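Colleague: I am new to reading protein models, and I would like to learn how to go from a picture to careful statements. Could we take one structure and work through it feature by feature?

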Amino acid sequence: MSLVTRCGIGYDAHRFAAGRPLVLGGVRVPHPLGLAGHSDADVVLHAIADALLGAAALPDIGYHFPPTDPRFRDADSRNLLIEATRLVVAAGFVPQNVDAIVIAEAPRIAPHVPAMRQAIAACLDLDIGAVGVKATTNEGMGFVGRDEGIAAMAIVTVIRADSRSVTGGERS
Ligand code: MG
């Protein structure tokens with residue numbers, strides 16, 4: 001019996017749009033602009049969901065929750081992340097920790113980090129101590145620097161109890 005550790009990486013970006021609420025890390029953040037997207041456009045939870053699915057070598061969120069599917073219009077991305085967690089657990093993995101970065105010129109993210117950590121922890125059934133959320137600006141460079149949108153990156157680690165020694169490769 002050995003413990004197999006895997007990690008996955010996720011990235012997402014959405015452009016600002018008028019008339020939409022800004023939802024980041026499962027938290028409604030006061031701002032004059034929201035983000036465009038089929039769901040609630042929560043870039044942080046989307047990056048985390050992709051990292052989580054990637055850790056289990058499962059297809060990405062666009063595969064599981066296609067933007068052409070009317071069921072996901074304005075969807076609360078917490079529900080997508082909960083479903084992604086269910087898929088990963090069904091594949092035999094248990095999430096261990098999350099670390100995410102929000103990349104935005106505005107608004108200020110720091111005041112909302114505790115609530116984001118709590119929301120993310122609840123979706124993945126983790127202790128809040130296993131969830132890191134950090135924020136940075138892009139120093140005025142690129143699309144984030146021009147305040148055209150928000151990007152997010154995430155990494156997720158999972159473990160799986162395995163009855164045989166695994167050195168790599170795929171196991172179904
Ligand atoms: Mg997205």
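Modeller: We will go from the overall fold to the metal site, and then to single residues and charged pairs. Please keep in mind throughout that this is a predicted model.

Colleague: Let me start with the fold: how many helices and strands does the chain have, and in what order do the elements run?

Modeller: The secondary structure comes to five helices and seven strands, and from the N terminus on the order is β-β-β-β-α-α-α-β-α-β-α-β. The radius of gyration of the chain is 16 Å, close to the 16 Å that the globule rule gives for 172 residues, so the chain is as compact as a globular protein of that length. Along its principal axes, the C-alpha trace spans about 55 × 35 × 25 Å.

Colleague: What share of the residues is buried, and what share of the contacts joins residues at least 24 apart?

Modeller: A residue is called buried when its relative accessible area is under 20%, and buried residues make up 45% of the 172 residues here. If we take the contacts between residues at least 6 apart in sequence, 72% of them join residues at least 24 apart. The accessible surface comes to about 8700 Å², and 54% of that belongs to carbon and sulfur atoms.

Colleague: Which residues coordinate the magnesium ion?

Modeller: For a metal site, one asks which atoms act as donors and where they sit along the chain. In this model the magnesium ion is coordinated by Asp-12 through OD, His-14 through NE2 and His-46 through ND1, at 2.1 to 2.3 Å, and the spacing of these donors is D-x1-H-x31-H. Asp-12 lies in strand S1 (residues 2-17) and His-46 in helix H1 (residues 43-55), so the pair ties together parts that are 34 residues apart in sequence.

Colleague: Are Asp-12 and His-46 buried or exposed?

Modeller: Both Asp-12 and His-46 are buried.

Colleague: Which residues form the nonpolar patch on the surface?

Modeller: The patch is made of Tyr-11, Phe-143 and Met-153, which together have about 280 Å² of accessible area. Met-153 is found in strand S7 (residues 149-162), and its relative accessibility of 36% is the reason why Met-153 counts as partly exposed.

Colleague: Thr-157 is also in strand S7, so how should I describe its surroundings, and which residues does Thr-157 touch?

Modeller: Thr-157 counts as buried because its relative accessibility is 18%. Leaving aside residues up to four places away in sequence, Thr-157 touches Thr-5, Arg-6, Cys-7, Val-94, Pro-95, Gln-96 and Asn-97. Ala-130, in the loop between helix H4 (113-124) and strand S6 (131-136), touches Gln-96, Asn-97 and Val-98 when residues up to four places away are again not counted.

Colleague: How many salt bridges does a search of the whole structure find?

Modeller: The search finds six, and among them is the one between Arg-20 and Asp-74, whose closest N and O atoms are 3.1 Å apart. Arg-20 lies in the loop between S1 and strand S2 (23-24) and Asp-74 in the loop between helix H2 (61-64) and helix H3 (77-90), so this pair ties together parts that are 54 residues apart in sequence. Another salt bridge joins the side chains of Arg-146 and Glu-148, at 2.7 Å from N to O. Here Arg-146 counts as exposed at 53% relative accessibility, whereas Glu-148, at 33%, counts as partly exposed.

Technical notes. Residues are numbered from 1 along each chain as its sequence is written. This is a predicted model: local features need pLDDT of at least 70, side-chain atom pairs count only at pLDDT 80 or more; totals for chains, interfaces and linings use all residues. Side-chain values use heavy atoms; hydrogens and water are left out. Donors are N, O and S atoms within 2.8 Å of the metal (3.2 Å for Na, K and Ca); water is not among the atoms, so sites may look incomplete. Helices (H or I, at least four residues) and strands (E, at least two) are DSSP runs, numbered from the N terminus. Buried means under 20% relative accessible area, exposed over 50%, partly exposed in between (1.4 Å probe, protein chains only). Patches are made of residues with over 30% relative accessible area and no salt bridge: like charges are joined within 9 Å, nonpolar side chains (Val, Leu, Ile, Met, Phe, Trp, Tyr) within 5 Å. Accessible areas come from the Shrake-Rupley method with a 1.4 Å probe; for residues, only the protein chains shown count as cover. A salt bridge is a side-chain nitrogen of Lys or Arg within 4 Å of a carboxyl oxygen of Asp or Glu. The radius of gyration is taken over C-alpha atoms; the globule rule is 2.2 Å times the number of residues to the power 0.38. Contact means heavy atoms within 4.5 Å.
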